[in-house]
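Trainee: I would like to go through this structure with you and check, term by term, which descriptions are justified and on what grounds.

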Amino acid sequence: MITRKRLATGVCALLVALTAALLPASASADGPAAKESPKVELVLDVSGSMRAKDIDGKSRMSAAKQAFNEVLDAVPEEVRLGIRTLGADYPGNDRKRGCKDTRQLYPVGPLDRTEAKAAVATLAPTGWTPIGPALLGAADDLGEDGATKRIVLITDGEDTCAPLDPCQVAREIAAKGIHLVIDTLGLVPDAKTRQQLTCIAEATGGTYTSVHRTDELSRRVRQLVDRAADPVVTPVATEGAGRCADAPRLTPGLYTDREAFGEHRWYKVDLLPGQELRASVSVSADRAVNDDYGVLLRAVTRHGREIVRGSEAGDGRTDVISTGLRYPKPEAQDADGDDKPAAETVCLQVSNSFSAPPAVKTTPGMPIELTVDVVDGPASASDVASFGLGRGWWLLGALVLAGFLAGLIWGWLSRWRVAVWRTH
Amino acid sequence: MRTVRMLAAAALAGAALLGPAAPGALADAPTPSATAGEDAGPTEAGTTFRTAAAFRPGQEATAQAATGDYLYWVFPADTGERPTVKATVTLPESALRHGPATWRVDVYDGLRRRQPCMYGAQSRTAAKEAASLELACVLRPVRASADAWANDPLPGSYYVRLTVTGLPEEDLGQSFSARVGVDVSDKGGAYATDGALAAPLVPGATTAEPAEQAEEEDRRTAVEAAAPEDGWSSGRWSDRWLWTAAGGVLAALAGIGGHALTRGAGRPPRVPPAT
């Protein structure tokens, strides 16, 4: 059995290898085949402050260039990489013009390493730091197809182009449901920069890193690009309704939605008798929220009777809070076998008890991730113990005692019977 | 009398045999220690439930990340096992840090329900000077089944989340490394419950058509992909079978002994031999 499994795995691996070997050819042959390959855009700050010489004794710009060279060498084959700059062109003092200064340096697509490196080499620290517009531009560059997308933002200062809050921009980009994650790296960041970058990262489920050395920078960017290349299941966007009757019907799978503070969202799942519903939900805290929070997932019948619930509460710093539930629907009692048993509609209600300080915007809602699986029902248990079997010294003692007593009684009985028989 | 003595000896021998056998019945189950290089765990961690890096008990998963990141791993645990999650965090250089930091490891089951730790320091605060930090979480023993309203651990995937929960704001984003491993101790039949899940609690598990489809296409199903090294156990075997069978044998022997006691030694002298 095990050998067969190994063989099967081997065959699988071979197939995968073959497909991988064939993939680039087919990808270039027809566009749509490459649809699923991940996209990454590196967004580099080329503002005037990048001249500061405080990373390993070199300027921030040269550290970034060196890191870029190393990263470009190591980009996995399947990743489509693009580069965008901000503050690279306009050296003047006009804020309006400075805040539009972002441009695509290298288009998102199959990477030509020499070309990309040459483009990076031309950069010189120049202008403003329009992070918000750069993020919008990067999101446009990445397009809206089904591929996983990642923006890696490298900057050394906060956005200088208020009122467009880059953090809000990031949240709105994420709310478009295009599977986009923004990772941020701060070069020798100050408190304000750090706050802004963590906020951007948090809003999209990305990470924030502070960088003080060149090797840190290149290692981290490489890691982030590699992460983009990891295949993941992309969830399907859905929109839950305010009540069960209007709720979308979900089949087993992975879904995303948005839910505002204190909002309830309903979904429907069809479940046949003898099947088990498994559902779990994660609510992401994508902005600054108050310290205590919770999530509740309820399975309810169409008539409003609660079947089972999963709930979780927490406090302090967190990325998500999640819970799940199982609902095994018993086999139909009247086993006619003639007509197919009717599926029950199970309503799933997702609610959360997050709250936020008044300064935090409540729209768009927080991202929620919902998984729905339907499996066969569990084998029913007639006893707590496995097959009703016993265990332990008390069991042995009881059995021995019972056996001994039974033997004694039987012995006495048979002696008595022999005695009775002899007297007659 | 001789029979009784023999019986007693047999019972003792049986008990002596059973004694070590009972806890040791499944003693070969604890995962063999990592041997070759290919047995080493993943060197990257995931950042969400969906991207969690998979490793098996006995392997060591490592990762380098920035403080503030949420790192996710996933490992399989099967019926009768009690997993112990251990995490070691190598903190950023203390010269760069501004104060104490609190780290935390959480374990979630395949349905993303948080699992409590029976023992172990799940959360710890590292002083500013500390170089590393160790966290541990001993889960409850995994049962074959539980009712739908219970949060009991069931066979399936388990997620480990490691993160810093409290630190000075200016310490965010510094690089640290983490090592995570899982030891599994076998709890034998003490927690063997009746009933069994149709499929372990693995995200994406399904026993309906997609699974058959995957089989036809020679793909691995989610359940197989998440399985421990030697596959999911059926949950039907436990050392309760041994105990119960041994109990039956002992009872039978005791019965014979009891019967013999009422007869005395050998043939009763008053009964003449049949001629």
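Mentor: Let us begin with the two chains, keeping in mind that this is a predicted model: 64 residues of chain B are in contact with 69 residues of chain A. On the side of chain B that touches chain A, β9 (156–166) and α4 (240–263) of chain B each supply at least two residues, and the largest share, 19 residues, comes from α4(B).

Trainee: What makes up the side of chain B that touches chain A, when its residues are sorted by class?

Mentor: That side has 27 nonpolar, 25 polar and twelve charged residues.

Trainee: Turning to chain A, with its nine helices and 16 strands, why is chain A called more spread out than a compact globule?

Mentor: The globule rule gives 22 Å for 424 residues, whereas the radius of gyration of chain A is 31 Å, well over that value, so chain A is described as more spread out than a compact globule. The box filled by its C-alpha atoms, taken along the principal axes, is roughly 130 × 50 × 50 Å. Of the 424 residues of chain A, 43% count as buried.

Trainee: Which domains does the domain assignment give for chain A, and how many residues of each are in contact with the other?

Mentor: The assignment gives domain 1 (33–229) and domain 2 (236–332 + 340–376), with C-alpha centres that lie 35 Å apart. Nine residues of domain 1 of chain A are in contact with nine residues of domain 2 of chain A. On the domain 1 side, the elements that give two or more residues are α6 (166–175) and α7 (191–204) of chain A, and α6(A) supplies the largest share, five residues. By class, the residues on that side divide into three nonpolar, three polar and three charged.

Trainee: Why are α2(A) and α4(A) called roughly antiparallel?

Mentor: Helix α2 (residues 60–74) of chain A and helix α4 (residues 113–121) of chain A pack at an angle of about 170 degrees, with their axes 10 Å apart. Angles over 145 degrees count as roughly antiparallel, and the two helices are therefore given that description. The contact involves Lys65(A), Phe68(A), Asn69(A), Leu72(A) and Asp73(A) from α2(A), and Arg113(A), Ala116(A), Lys117(A), Val120(A) and Ala121(A) from α4(A); by class, it has five nonpolar, one polar and four charged residues.

Trainee: Where is Asp56(A) found, and why is Asp56(A) called partly exposed?

Mentor: Asp56(A) is found in the loop between β1 (39–45) and α2 of chain A, and its phi is near 50 degrees, a positive value in a residue other than glycine. A residue is buried at 20 or more other C-beta atoms within 10 Å and exposed at 12 or fewer; Asp56(A) has 15, which lies in between, so Asp56(A) is partly exposed.

Trainee: And how do you know whether Arg112(B) is buried or exposed?

Mentor: The same kind of count decides it: Arg112(B) has 26 C-beta neighbours inside 10 Å, and with 20 or more required, Arg112(B) counts as buried. Arg112(B) also has a positive phi, near 60 degrees, in a residue other than glycine, and its place is in the loop between β5 (101–109) and β6 (114–115) of chain B.

Trainee: Finally, what is the omega of the peptide bond from Thr363(A) to Pro364(A)?

Mentor: Omega is near -10 degrees, and that peptide bond is cis. Pro364(A) is placed in the loop between β15 (344–352) and β16 (366–376) of chain A.

Definitions and conventions. Residues are numbered from 1 along each chain as its sequence is written. Chains are lettered from A and ligands numbered from 1 in the order in which they are written. This is a predicted model: local features need pLDDT of at least 70, side-chain atom pairs count only at pLDDT 80 or more; totals for chains, interfaces and linings use all residues. The radius of gyration is taken over C-alpha atoms; the globule rule is 2.2 Å times the number of residues to the power 0.38. Domain bounds come from an automatic or database domain assignment. Two residues are in contact if their C-beta atoms, placed from the backbone, lie within 7 Å. Helices (H or I, at least four residues) and strands (E, at least two) are DSSP runs, numbered from the N terminus. Ala, Val, Leu, Ile, Met, Phe, Trp, Tyr, Cys and Pro count as nonpolar, Asp, Glu, Lys and Arg as charged, and the others, Gly among them, as polar. Axes are lines fitted to C-alpha atoms, for helices over the stretch in contact, and angles run from 0 to 180 degrees between N-to-C directions. Angles under 35 degrees count as roughly parallel, over 145 as roughly antiparallel, 65 to 115 as roughly perpendicular and the rest as oblique.
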